[in-house]
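Subject: Structure handover

Hello,

Please find the structure below. My notes on it follow.

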Amino acid sequence: MSSTPVGSVSATPILEVNQLKVYFPVKRGLIIQRTVGEVKAVDGVDLQIKHGETLGLVGESGSGKTTFGRAILRLNDATGGSIRYQGEDVLALRGRAMRKLRRKIGMVFQDPYGSLNPRMTVGNIVAEPMLVHKIFEQRSMIKDRVMELFDTVGLNRSMAKRYPHEFSGGQRQRIGIARALASGPQLLICDEPVSALDVSIQAQIISLFDRLKIEQNLTYLFIAHDLSVVRHVSDRVAVMYLGHVVEQGAADAIYRDPQHPYTKALLSAVPIPDPVVERRRERVVLKGDMPSPLNPPKGCVFNTRCPIAEERCFVEIPLPRTFSDGRQIACHKVVI
Amino acid sequence: MTESLLKVENLRTHFRTDGGLVKAVDDVSFEVQQGETFALVGESGCGKSVTALSIMGLIPNPPGEIVSGKIELDGVDLTQLSFGEMRAIRGSKIAMIFQEPMTSLNPVLTIESQLSEALKIHTDLSKKAANDRALELINMVGIADARTRLKQYPHQLSGGQRQRVMIAMAMSCTPKLLIADEATTALDVTIQAQILDLMKDVTEQSGTALLIITHNLGIVARYANRVAVMYAGKLREVGEAVDMYTEPRHPYTVGLLRSVPRLDSEKGAPLAPIAGEIPDLTNLPGGCAFSPRCRWAVDRCFAENPLLEETSPGKKVACFEHASVGLNV
């Protein structure tokens, strides 16, 4: 049994990532710099996203989820592994071919304040991708398309001449989404798109993502630390810890019955906004902090905090194994 | 019924800004009982932090000012105290933990000197005794390798450990009231769970009342005995936590509860967001400030401001239509 297809999820992956590694060098010295180590932000990640599905990528800060998203657009250089977008080798693309790819993959960023140029009108911000990618011959066509995008994301057309500072956080995120949609992408990488927003506004933006997915036939890579939000949007979920995916599979299965000890702890740490349910829950509270990615533990990266770690976990890196329901779990102790 | 420890009565804290007068806290009344956990919930700009700072006597003047109202702690009105008298209360009777543990610790002082500072000010312990107590406190908050940690500086600690130090500092004089203002918002969920459990444990042990200020309805559900929901400077609903979630009577509370995605819901379970935006405090709509976003609003709501009134024992709601408001309506 594999993940249950929802809506128009097709069998062919739109994105296929194999053994992706993104390492950052750590340099010392003021003038003569030398590399003294590396941070393995993403260390051998395998992920697939099928056309039309939403993959939720969750993890705490420093888990490598943002770096992973950025590496797909080559905003961070991959150290190793492969990324295939509709069969095309992304890491081999150069120049014009790379720009063409960026047309097909849109990105929505976390910070609605920092990701919009304060000196451009929001109309021009949304028009920019169309100019860069030379999507329309005539400027008037761009203008029409901007207006259409404003309608799509629920912004008033008359706002196009205003500047970002005149908008609230929620409206800015709508502008960011309109810009991401401008080049007509098929895949949208959303990096913590609602975490800076207030609860009531967050729900508006999540509902917008829900609607756009159907209307525009989009595929999402939804990167977030808020597990409740990810629950709401995702068909499948991948859980990252210190550069590794520790568990991935159908969202329903993982949320109902998490298997990896980290997934269990992570889910049980999120309080449910219902006192009756919440106060009856059994919880696993982890001890300590996530180790520094500069100096990750040997063996399984989770071994310093794992409540069930045994000798083997400190020596051998667990490889992902397929669980009975099709999930991939990287843990020595889980009985497959 | 236990006695109330903190009594906030008709508190108004206003700020004079270039954009106009901001009534950040506007006629707010509530009570916190001895030893209970009380949560003040709301979105950004609703006035929850200003309420906390008013209690602490930390409102910057100018531009801010407590215009009227009382804040009674054990029967003493804090708003009438001199600067010096208030200093003696801060840190000994009321303590506060802030959101950003990096900026609330002094980067150039060791953990030990910061931990013993409150003790030196508020008690007559010797330096040696204060340092011993610091060690005791740091053990209490579960920091491993306590002796080494005491000699270290804040940057050498992780975010979670810094917040543990903040809790140790806050609890050093066994205050009657601990205010936690979004104290775990900057932390990862697994660390958040550790810190909240710790806060709950240490306050329970010493009989300290805990005032949690948060936007996270999950945290409230887990820890609070009673809750007040704040919107645009006013309390909209006050009551028992369990009751607030099962029988909300203010449209804003209902809206919030229906806006949050839940871990235990099905994928795509419909959310019902509150329409519109959080209003600008310098330019509030007439009548009830929530009326432009409210599904239940009637003509009266746009003209008149509803007062917070008792609708059933232990429950107060500020809404004309409260009788017809509910989760399933």
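A:Asn217 is exposed, because 12 other C-beta atoms lie within 10 Å; a residue is called buried if 20 or more other C-beta atoms lie within 10 Å of its own, exposed if 12 or fewer, and partly exposed in between, with C-beta atoms placed from the backbone. A:Asn217 also has a positive phi of about 55° although it is not a glycine. Its place is the loop between α6 (199–215) and β8 (219–224) of chain A. Helices (H or I, at least four residues) and strands (E, at least two) are DSSP runs, numbered from the N terminus.

Before going further, note that this is a predicted model: local features need pLDDT of at least 70, side-chain atom pairs count only at pLDDT 80 or more, and totals for chains, interfaces and linings use all residues. Residues are numbered from 1 along each chain as its sequence is written, while chains are lettered from A and ligands numbered from 1 in the order in which they are written.

Other backbone points

B:Thr174 is another residue other than glycine with a positive phi, near 45°. B:Thr174 sits in the loop between α7 (159–171) and β7 (177–181) of chain B. It counts as partly exposed, because it has 15 C-beta neighbours inside 10 Å.

Chain B also has cis peptide bonds. One joins B:Asn61 and B:Pro62, with omega about -15°. Another joins B:Pro62 and B:Pro63, with omega about 5°. B:Pro62 is in the loop between α1 (48–56) and β4 (64–73) of chain B, and B:Pro63 is in the loop between α1 and β4 of chain B.

Helices in chain A

Helix α1 of chain A covers residues 65–72, and 7 of its 8 residues are buried, so this helix is largely enclosed by the rest of the structure. The buried residues are A:Lys65, A:Thr66, A:Thr67, A:Phe68, A:Gly69, A:Ala71 and A:Ile72. Just after α1(A), A:Arg74 has a positive phi of about 60°.

How do α3(A) and α4(A) meet? The axes of α3 (residues 122–132) and α4 (residues 139–153) of chain A come within 10 Å and cross at roughly 120°. Axes here are lines fitted to C-alpha atoms, for helices over the stretch in contact, and angles run from 0 to 180 degrees between N-to-C directions. That crossing angle makes α3(A) oblique to α4(A); angles under 35 degrees count as roughly parallel, over 145 as roughly antiparallel, 65 to 115 as roughly perpendicular and the rest as oblique.

From α3(A), the residues at this meeting are A:Gly123, A:Val126, A:Ala127, A:Met130 and A:Leu131; from α4(A), they are A:Ile142, A:Arg145, A:Val146 and A:Leu149. Two residues are in contact if their C-beta atoms, placed from the backbone, lie within 7 Å. By class, the residues of this contact divide into 7 nonpolar, 1 polar and 1 charged. Ala, Val, Leu, Ile, Met, Phe, Trp, Tyr, Cys and Pro count as nonpolar, Asp, Glu, Lys and Arg as charged, and the others, Gly among them, as polar. An α-helix has 3.6 residues a turn, so residues three or four places apart point the same way.

Where the chains touch

In chain B, 39 residues are in contact with 40 residues of chain A. On the chain B side, α8 (189–206), α9 (217–223), α10 (241–246) and α11 (251–259) each supply at least two residues. The largest share of that side, 7 residues, comes from α8(B). The side of chain B that touches chain A has 19 nonpolar, 12 polar and 8 charged residues.

Each chain as a whole

Chain A has 10 helices and 12 strands. Its C-alpha atoms fill a box of roughly 65 × 60 × 40 Å along the principal axes. Chain A has 336 residues and a radius of gyration of 21 Å, which agrees with the value near 20 Å for a compact globule. This radius is taken over C-alpha atoms, and the globule rule is 2.2 Å times the number of residues to the power 0.38. Of the 336 residues of chain A, 48% are buried.

Chain B has 12 helices and 12 strands. Its C-alpha trace spans about 65 × 50 × 45 Å along the principal axes. For its 329 residues, a compact globule would have a radius of gyration near 20 Å, and the 21 Å of chain B agrees. Buried residues make up 50% of the 329 residues in chain B.

Regards
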